[in-house]
Amino acid sequence: LELSSNAGPKETGGVLIGRLRRDEAGGELFLEATAQIPARHTEAESASLTFTRETWADAQAAIRLRGSDETMIGWYHSHPVREWCKNCAPEKSKSCTLFDSYFSDKDEALHRAMFPRGWNVALLVSDLPARDPVISLHGWRQGVIAPRGFRRLDTGS
């Protein structure tokens, strides 16, 4: 949320790192995101974010530097809807589909190319005008990218 807010009128994003885990009690698989690595070397606009080769190399270097058994589990990015809608009439926002969390064609293309594993995810922050930001998670479900559930655990640190 903070990175999205600080990005102003441009999209921002990065890499999610963590571990694939299995619940001891029920045997279910789940992802544990342990950190986010802000994407440097991107080409950011108000309606697009392009990760470059340098972005991916930088993320890999950060993972190695951490020296843990973490891996790239997915990515995150923002949609600065507040910027897109800054000149819209307030009554239009009631029926505007931009207020719905959505995964664009470009988002899907990046996810398919860089995060094809069944457990890879994408976190999306939609920064809305006059409302709290909406956070959504997308991932693979039967070969299609679809909304997924998630839970945030406060660690107290």
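This report walks through two helices, an aromatic cluster, a hairpin and a loop serine in a predicted model.

## Helix α2

Let's start with α2, which covers residues 53-66. Its 14 residues should span 20 Å at 1.5 Å a residue, and the C-alpha atoms at its ends do sit 20 Å apart, so expectation and model agree. Looking down the axis of α2, the buried residues stay within an arc of 160°, so they line one face of the helix. The residues in question are T55, W56, D58, A59 and I63.

What sits over that buried side? The cover includes strands β1 (13-22) and β2 (29-38), along with β5 and helix α4. Turn to the face pointing away from the buried side and you find R53, R64 and L65, which are exposed. Just after α2 comes G67, with a positive phi of about 65°.

## Helix α4

Helix α4 runs over residues 105-114, and its buried residues are D107, L110 and H111. Seen down the axis of α4, these fall within an arc of 100°, so here too the buried residues line one face of the helix. On the other side of α4, the exposed residues are D105, K106 and A113.

The buried residues of α4 have several packing partners: helix α2, plus strands β5 (71-79), β6 (121-126), β7 and β8. The contact with α2 shows up from the other direction as well, since α4 is among the elements covering the buried residues of α2.

## The aromatic cluster

Across the whole structure, a search turns up 4 aromatic pairs. In the pair formed by F51 and W75, the ring centres are 5.9 Å apart and the planes meet at 90°, so this one counts as edge-to-face. F51 belongs to the loop between β4 and α2 while W75 is in strand β5, so the pair ties together parts that lie 24 residues apart in sequence. F51 has a relative accessible area of 10%, so it is buried. W75 is at 2% relative accessibility and counts as buried too.

W75 also pairs with F103: their ring centres are 6.1 Å apart and their planes are at 55°, so the pair is tilted. F103 sits in the loop between α3 (81-84) and α4, so its pairing with W75 in strand β5 ties together parts 28 residues apart in sequence. Like W75, F103 is buried. Put the ring pairs together and you get a cluster of F51, W56, W75, F103 and F115. One of its members, W56, is also one of the buried residues of α2.

## The β7-β8 hairpin

Strands β7 (residues 134-141) and β8 (residues 144-148) run antiparallel and are joined by 5 bridges. For H138, the bridge partner in β8 is P147. The two strands make a hairpin with 2 residues between them, and Q142 in the turn has a positive phi of about 55°. Both β7 and β8 also take part in packing against the buried residues of α4.

## A buried serine in a loop

Is S48 buried or exposed? Its relative accessible area is 16%, and the cut-off for buried is under 20%, so S48 is buried. S48 is found in the loop between β3 (43-44) and β4 (49-50).

Which residues does S48 touch, leaving aside neighbours within four places in sequence? Its contacts are E11, E43 and K106. K106 has already appeared above, as one of the exposed residues of α4.

Key
Residues are numbered from 1 along each chain as its sequence is written. This is a predicted model: local features need pLDDT of at least 70, side-chain atom pairs count only at pLDDT 80 or more; totals for chains, interfaces and linings use all residues. Side-chain values use heavy atoms; hydrogens and water are left out. Two strands pair if DSSP finds at least two bridges between them. Helices (H or I, at least four residues) and strands (E, at least two) are DSSP runs, numbered from the N terminus. Buried means under 20% relative accessible area, exposed over 50%, partly exposed in between (1.4 Å probe, protein chains only). Contact means heavy atoms within 4.5 Å. The arc is that of the directions from the helix axis to the C-beta atoms. The expected span of a helix is 1.5 Å times one less than its number of residues. Rings of Phe, Tyr and Trp (its six-membered ring) pair if their centres lie within 6.5 Å; planes under 30 degrees apart count as stacked, over 60 as edge-to-face and the rest as tilted.
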